[in-house]
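Subject: Structure handover

Hello,

Here is the structure you were expecting. My notes on it follow below.

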Amino acid sequence: MNWFGGAGDAHSRNADKAVLSKFLQSHPADYSTTKLQEVIRLMREKRFPAAFKCYHNFHKHDAMSSDNLFYKMVIHVHSDSAFRRYQNEMRSKPGLWPLYRGFFVDINLFKASNEKAAEIAKNKSTVVEDDGGTGMSGKHGLADEDASLMIKLKFLTYKLRTFLIRNGLSILFKEGPAAYKAYYLRQMKIWGTSAGKQRELSKMLDEWAVYIRRKCGNKQLSSSVYLSEAEPFLEQYAKRSPQNEALIGSAGNLVRAEDFLAIIEGGRDEEGDLQKEFVPSSPTASTGDIIPKAEGLIVFFPGLPGSAKSALCKEILKVPGRFGDDRPVHTLMGDLIKGRYWQKVADERKKKPYSIMLADKNAPNEEVWRQIEDMCHRTGASAVPVVPDSEGTDSNPFSLDALAVFMYRVLQRSNHPGNLDKNSPNAGYVLLMFYHLYEGKSRAEFDGELVERFGSLVKIPLLKSDRNPLPNPVKSTLEEGMNLYKLHTKKHGRLESTKGTYANEWAKWEKQLRDVLFGHSEYLNSVQVSFESAVKEVSEELSKIAKGEYKTPEYRTPDSGKGKIGAIVFAAISLPVTEIKGLLDNLAGKDGKAAAFLKDKNLENKINKVHVTLAHKRSHGVTAVANYGIFLHKQVPVDITALLFTDKMAAFEACPGSVEGERVLSKNEWPHITLWTAEGIAAKEANLLHSLHLEGKATRITIDPPATIRGPLEFY
């Protein structure tokens with residue numbers, strides 16, 4: 001880019017803060033720089049919570065002059081709120097580049113001659129003319145060239161330098177190379193890095209540890225200037241071989257966007273491992289994570305009272321060798337431990353470092369999760385969160401259905417060691433208190449964070465998928481309790497419900513809760529998955545983890561930018577299976593053709609998940625998919641207007657509605673819900689049903705009036 005400002009001190013250790021201002025004021029020399037300026041300018045103007053740090057690029061020292069400066073800019077987004085705000089900006093400015101958690105940028109500030117400046121201006125105007133002056137390049141607004149640069153900035157360089165080098169400095173200098181090695185191996189395990197890539201990175205990071213400790217002695221290198229030492233080291237390491245250069249992705253290396261967007265398609269890790277490896281058949285599985293037999297295992301429970309954790313622990317202990325090895329398995333029941341429970345767990349870990357510990361206590365918040373992470377780091381263990389399965393709500397990982405079952409279970413208990421049972425006068429209040437500890441996270445965010453922290457997640461089957469909706473009296477009673485809880489905590493904080501202004505209201509509500517739950521005992525018993533099958537499934541998953549056969553799932557979170565969410569492939573509205581099946585049954589009862597077609601299809605057992613695809617990255621581009629971020633996790637009404645079928649496939653015709661007054665428009669020419677395809681027929685072939693009907697080759701049964709079904713919009 002062309003810079004007409006003053007030179008400043010070209011060899012100062014840290015670049016002047018004015019570099020960022022000069023960067024934004026300069027004339028961009030190419031389209032990529034134009035787009036990066038646009039992102040940074042917007043973030044600065046809107047005061048997004050982000051840091052921009054600039055450092056001299058010393059490995060370009062020989063090319064530096066007062067008219068030709070080289071910098072590295074580090075951009076880091078501090079808060080998830082920035083991503084939500086940025087999505088709103090993308091809605092009104094579709095040409096904006098996507099925003100990532102963080103990335104490195106090589107900057108060259110130079111003075112151009114008049115001829116060069118004119119050539120740059122001409123090239124820039126050509127780019128603008130080509131995209132119609134919209135700031136969008138190519139058919140879908142995010143051209144391959146743009147995606148390549150942004151992907152390089154985030155995935156290739158940022159994780160290596162920030163997470164493996166910078167964030168490990170304090171461990172390296174305070175605890176030594178062995179602790180540092182344990183740290184970076186754990187990070188790679190969390191990311192699902194392949195075994196081959198782990199070996200390559202370990203070799204490089206071990207050399208880095210020796211190099212920087214020898215150079216700095218016992219004085220820790222500051223994280224604010226670490227790039228001044230890390231970049232020359234990485235530059236020299238990269239020069240040794242083409243393999244090293246590919247590993248580090250040093251300055252000037254552009255990596256094609258397709259190589260990274262193929263993560264979910266080709267089993268390739270985000271650190272640039274472009275060599276094909278075995279890909280599991282499951283679309284949600286990545287590389288295997290092996291827990292060595294020489295290390296311990298902590299099984300813990302982020303859940304609520306009534307989630308059956310104690311009963312699970314007892315069943316697991318009944319079967320010696322359940323985990324497939326000879327490591328001892330023992331448990332600590334939180335209700336029987338006096339004092340600081342997690343400190344007691346840590347003490348037991350030190351005594352039996354290779355054992356499997358079942359931590360029988362609710363672990364509801366990030367403070368506890370950090371303690372467990374620290375315990376794992378200090379005692380050489382891995383940790384596995386075991387959580388009750390639930391659809392959750394927009395702001396809580398547990399649904400009201402799950403909460404009702406937890407309360408019902410607690411109120412059936414007697415002689416509970418923790419005195420939380422049917423004789424507890426404030427049992428409902430205690431459950432609400434636990435429930436609100438999880439407030440602020442959707443299920444996807446909750447699951448994704450646990451997987452990112454611990455590399456695995458086991459779910460306790462809780463509710464049957466084909467259950468009837470929660471009865472209104474139960475739902476309204478829970479909602480009344482939540483409103484009362486908010487009033488109570490606003491006035492009294494964590495004061496017990498039996499005290500304070502609302503004590504009488506609480507007493508009435510606790511009685512109402514018991515009456516309503518036990519009045520619907522038949523429903524609450526019928527919707528639960530059997531305890532035996534839950535024990536079996538949890539035991540099998542834990543055994544896989546202990547044996548190293550577990551495949552780390554890739555959970556999607558709303559633009560958190562965190563590496564474990566994997567690549568987003570398409571946006572869709574997920575719809576409840578029970579309502580789709582109910583609509584089919586209703587249609588078969590009213591229409592003879594529908595009944596004849598559905599008679600031998602056995603869709604009751606074949607339909608497990610249904611959705612309306614809105615945009616796919618292969619068909620519509622990255623930006624088209626990303627633009628649905630403004631509706632992420634929001635409930636979208638979908639009108640089902642017809643059933644179309646041939647002897648090879650069937651689908652519902654779908655028409656997405658509006659969210660908060662804004663219509664959700666599908667990029668597909670014919671929005672639909674694929675219901676069935678014959679053996680050997682790909683699901684995508686259902687896209688042809690509308691055309692086949694126009695050609696007289698498919699049957700169409702109109703649904704009048706249309707059936708409206710609601711579901712959340714999600715990224716997959």
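A contact, as used here, means heavy atoms within 4.5 Å. With that rule, among contacts in the protein chain between residues at least 6 apart in sequence, 76% join residues at least 24 apart. Please keep in mind that this is a predicted model.

Overall picture

The protein chain has 716 residues, and 53% of them count as buried. It holds 29 helices and 18 strands. The area exposed by the protein chain is about 33,100 Å², with carbon and sulfur atoms supplying 50% of it.

The six-stranded sheet

One open sheet is made of six strands, in the order E12-E11-E18-E13-E14-E17, with antiparallel pairing. Its edges are strand E12 (610–616) and strand E17 (672–677), each of which pairs on one side only. On average, neighbouring strands of this sheet are turned by 35° against each other, direction ignored. As a general point, strands of a sheet pair through backbone hydrogen bonds, either parallel or antiparallel.

Within the sheet, strand E13 (residues 635–645) and strand E14 (residues 649–656) run antiparallel and are joined by seven bridges. In this pair, Ala642 stands opposite Glu653 of E14. Helix H24 (residues 577–590) packs on the sheet and touches strand E11 (570–575), E12, E13, E14, E17 and strand E18 (699–715). The direction of H24 makes about 175° with that of E18.

Cysteines

How many disulfides does the model contain? The count comes to zero, where a disulfide would need a pair of cysteine sulfur atoms within 2.5 Å. Two cysteines may be of use to you at the bench. Cys216 has a relative accessibility of 22%, so it counts as partly exposed. Cys655 has a relative accessible area of 29% and is therefore also partly exposed. The cut-off behind both calls is that buried means under 20% relative accessible area and exposed means over 50%.

Lys499

Lys499 lies in the loop between helix H20 (472–492) and helix H21 (503–519). Is this lysine buried, partly exposed or exposed? Lys499 is partly exposed, because its relative accessible area is 46%. Along the chain, Lys499 and His488 are 11 residues apart, and their C-alpha atoms are separated by 9.9 Å.

Regards

Note on methods:
Residues are numbered from 1 along each chain as its sequence is written. This is a predicted model: local features need pLDDT of at least 70, side-chain atom pairs count only at pLDDT 80 or more; totals for chains, interfaces and linings use all residues. Side-chain values use heavy atoms; hydrogens and water are left out. Helices (H or I, at least four residues) and strands (E, at least two) are DSSP runs, numbered from the N terminus. Buried means under 20% relative accessible area, exposed over 50%, partly exposed in between (1.4 Å probe, protein chains only). Two strands pair if DSSP finds at least two bridges between them. Axes are lines fitted to C-alpha atoms, for helices over the stretch in contact, and angles run from 0 to 180 degrees between N-to-C directions. Accessible areas come from the Shrake-Rupley method with a 1.4 Å probe; for residues, only the protein chains shown count as cover.
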